[in-house]
Amino acid sequence: MDRLDKIISSQTNYSRKEVKELIRQKRISVNNEIIKKSDLKIDSNNDKILIDNKPLQVKEHVYLMLNKPKGYVSATTDKTQRTILDLVPKDYLHRNLFPAGRLDKDTTGLMLITDDGDFAHNILSPQKHIKKIYKVTIDLPITEKMIQDFKNGVILNDGVCKEATLKIIDLNTGLVTLTEGKYHQIKRMFGCYGAKVIELERIAIGNFFLPVDLKLGECREFTEEEFKMLK
Ligand code: URA
């Protein structure tokens, strides 16, 4: 049981003060009764809240997917640059959202944005072995040596990488699967061979693949089915 004004302000862009005003204007009902007091205690799992006759869906956390374009930094605030939160629909912005894992400014593709710290931690933890798949184009041909080394663990200056897979799509393009996320990892892995990454796109997290209809810059919630595939 929690206070009505607290629940509504946690789920919408309305402040507690604004919720009070909505109540004064008789715009909020609980279980079909117009409410007069903002400190009413309700059970958000069972009680039916309507604001202007529209049902309020109470969710503890949200899980959003974004098809990140180039030019956005994977941060929640930045003094000068656009951040991925600039692409999140404003109905979600009252939550403490953050990206679960970073993509470089010039990397595109699937990003998970959430306000669930435990979940994000699990997705990112190398111990959980949740794979992230990237499509990468480099400026040199992909070699058998790269494929073998990726499997055995490429040595970077901050440690040995976990086993990764590299599959050739064509001469310069391949699919890389990682279960960890070191700083600029893929760029540095190819850098060991004097190769430069030209294009990098994350196409999957766990068993969930970037939907073909999610356009660059689009952001929406995971459905329940999609969400299960993340793990
Ligand atoms: N590896 C990189 O080098 N950059 C990314 O954005 C993701 C993985």
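Which residues of H1 are buried? Have that in mind for the first close-up; every view here comes from a predicted model.

**View 1. Helix H1, residues 4-11, sits largely enclosed by the rest of the structure.** The answer to the opening question is Leu 4, Asp 5, Ile 7, Ile 8, Ser 9 and Gln 11. That makes six of the eight residues in the helix, so H1 is largely enclosed by what surrounds it. And what do the buried residues of H1 pack against? One helix is on the list, H2 (16-24), along with strands E1 (2-3), E2 (28-30), E4 (41-42) and E5 (49-51).

**View 2. Ser 29 is a buried residue in strand E2.** Strand E2 is among the elements that the buried residues of H1 pack against. Ser 29 has a relative accessible area of 7%, and because buried means under 20%, it falls in that class. Set aside its neighbours within four places in sequence, and Ser 29 is in contact with Ile 34, Ile 35, Lys 48, Ile 49 and Leu 50.

**View 3. Domain 2 and domain 3 are in contact.** The protein splits into domain 1 (2-55), domain 2 (63-126 + 208-230) and domain 3 (131-205). Note that domain 2 comes in two stretches of sequence, 63-126 and 208-230. How many residues of domain 2 are in contact with domain 3? There are 20, and they meet 15 residues of domain 3. The C-alpha centres of these two domains lie 22 Å apart.

**View 4. Zoomed back out, the protein has six helices and 17 strands.** Its radius of gyration is 22 Å, well over the 17 Å that the globule rule gives for 231 residues, so the protein is more spread out than a compact globule. The C-alpha trace spans about 70 × 35 × 35 Å along its principal axes. Of the contacts with a separation of 6 or more, 63% are between residues 24 or more positions apart.

**View 5. Now for the surface and the charges of the protein.** Buried residues make up 45% of the 231 in the protein. About 13,200 Å² is exposed, and carbon and sulfur atoms supply 50% of that area. As for charge, count 39 positive and 33 negative side chains. The centres of those two sets lie 3 Å apart.

Terms used: Residues numbered from 1 in each chain as written. Predicted model: local features only at pLDDT ≥ 70, side-chain atom pairs only at ≥ 80, totals over all residues. Heavy atoms only, no water. Buried < 20%, exposed > 50% of the residue type's maximum accessible area, 1.4 Å probe, protein only. Helix = DSSP H or I, 4+ residues; strand = E, 2+ residues; numbered from the N terminus. Contact = heavy atoms within 4.5 Å. Rg over C-alpha atoms; globule rule 2.2 N^0.38 Å. Areas by Shrake-Rupley, 256 points an atom, 1.4 Å probe, with all protein chains shown as cover. Lys, Arg positive; Asp, Glu negative; His and termini not counted. Charge placed at Lys NZ, Arg CZ, Asp CG, Glu CD. Domains from an automatic or database assignment.
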